Amino acid sequence: MKKIDAVVVFIEDVLANIEAICDDIEDSVLDIKQFTQPEDGVSFIRDNLDKKIIVVLDWSFASGKIVGHIILKQIHDLSSLIPVIIFTGQDLDVTATTQMYDGQAFYCLSKDMSTHEVIEIIEKAYGAICNNINAVIERWIVNQPDTQKSIPYVRIGGKEYTMNDVLSEIRRNTEIGKDVSRGVLSMTTDLFFKQHKTKL
């Protein structure tokens, strides 16, 4: 397994279901966090948005009080940049499947899949983080000095936005966030090809 510079967050009420996976990846990831209570997992994510995070989320909890699509939405509301891998032992119906992918799930894994298959999907999720333009912008902003993040940085539609404001818009996948991402991608592409024009 390639080294993954990300925290893998498992939200699963039966830890025995993930023991083998955690044992196999613990030396290859930045950190592993396990939460049997969904609200604790969401709280951890909220407090660590400056880190690259991959979530493996149980779709159905034994208590029956909280189901996967609620947690998926809560995570997506915090940041649209966090890949959430659904982990389920259920046969999902059309409603559940719609809730899952409308909620921007990255992938759905069956609990009877091999550890190797689960690890492959975690690696793909990490690749998605590293190659997503939004994630690149997020990392750039996070690495700026705190004193710079709270002052007006750009003007969009007649309104001033700080770096923190821009980061929030990108994480929530709003129209402003999408516009910023498209603008950065367009400018970067233009600069890249102009710089390499004589070499092509």
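Start by selecting Ala105 and showing what surrounds it: setting aside neighbours within four places in sequence, Ala105 is in contact with Leu72, Val84, Ile86 and Met100. Bear in mind as you click around that this is a predicted model. Ala105 sits in the loop between helix H4 (94–102) and strand S5 (107–110). Is Ala105 buried or exposed? It counts as buried, with a relative accessibility of 10%. Now add Ile85 to the selection and draw a distance between the C-alpha atoms: Ala105 and Ile85 are 20 residues apart along the chain, yet the separation is 6.2 Å.

Next stop, helix H2. Select residues 38–47 and colour the buried ones, which are Pro38, Gly41, Val42, Phe44 and Ile45. Look down the helix axis: these residues cover an arc of only 155°, so they lie on the same side of H2. There's a textbook point behind that view: an α-helix has 3.6 residues a turn, so residues three or four places apart point the same way. What covers the buried residues of H2? Bring up strand S1 (4–11), strand S2 (29–35), strand S3 (53–58) and helix H3 (68–78), which are among the parts that do the covering.

While you're there, keep Phe44 on and add Phe35. A search of the whole structure turns up 2 aromatic pairs. In the Phe35 and Phe44 pair, the ring centres are 5.6 Å apart and the planes meet at 40°, so this pair counts as tilted. Phe35 and Phe44 are both buried.

For another aromatic pair, jump to Trp140 and Tyr153, which are also tilted, at 6.3 Å centre to centre with 45° between the planes. Trp140 belongs to helix H6 (residues 133–142) and Tyr153 to strand S6 (residues 152–156), so the pair ties together parts 13 residues apart in sequence. Switch on a surface here: Trp140 is partly exposed, at 42% relative accessibility, and Tyr153 is partly exposed too, with a relative accessible area of 46%.

From Tyr153, follow the chain along S6. Which way does S6 pair with strand S7 (residues 159–162), parallel or antiparallel? The pairing is antiparallel, over 4 bridges. To see a bridge for yourself, pick Val154 and look across to Tyr161, its partner in S7. S6 and S7 make a hairpin with 2 residues between them, and Gly157 in the turn has a positive phi of about 60°.

Go back to helix H6 and click Asn134. Asn134 counts as buried, at 13% relative accessibility. Beyond its neighbours within four places in sequence, Asn134 is in contact with Leu81, Ile170 and Ser181.

Now for an arginine. Select Arg171 in helix H8 (residues 163–171). Is Arg171 buried or exposed? Its relative accessibility is 10%, so Arg171 counts as buried. Show the residues around it, leaving out those up to four places away in sequence: Arg171 touches Leu49, Asp50, His76, Leu78, Ser79, Ser80, Glu138 and Val142.

Last, the cysteines. How many disulfides does the structure hold? The count is 0. Two residues to click are Cys22, which is buried with a relative accessible area of 5%, and Cys108, which is partly exposed at 22%.

Terms used:
Residues are numbered from 1 along each chain as its sequence is written. This is a predicted model: local features need pLDDT of at least 70, side-chain atom pairs count only at pLDDT 80 or more; totals for chains, interfaces and linings use all residues. Side-chain values use heavy atoms; hydrogens and water are left out. Rings of Phe, Tyr and Trp (its six-membered ring) pair if their centres lie within 6.5 Å; planes under 30 degrees apart count as stacked, over 60 as edge-to-face and the rest as tilted. Buried means under 20% relative accessible area, exposed over 50%, partly exposed in between (1.4 Å probe, protein chains only). The arc is that of the directions from the helix axis to the C-beta atoms. Contact means heavy atoms within 4.5 Å. Two strands pair if DSSP finds at least two bridges between them. A disulfide is a pair of cysteine sulfur atoms within 2.5 Å.
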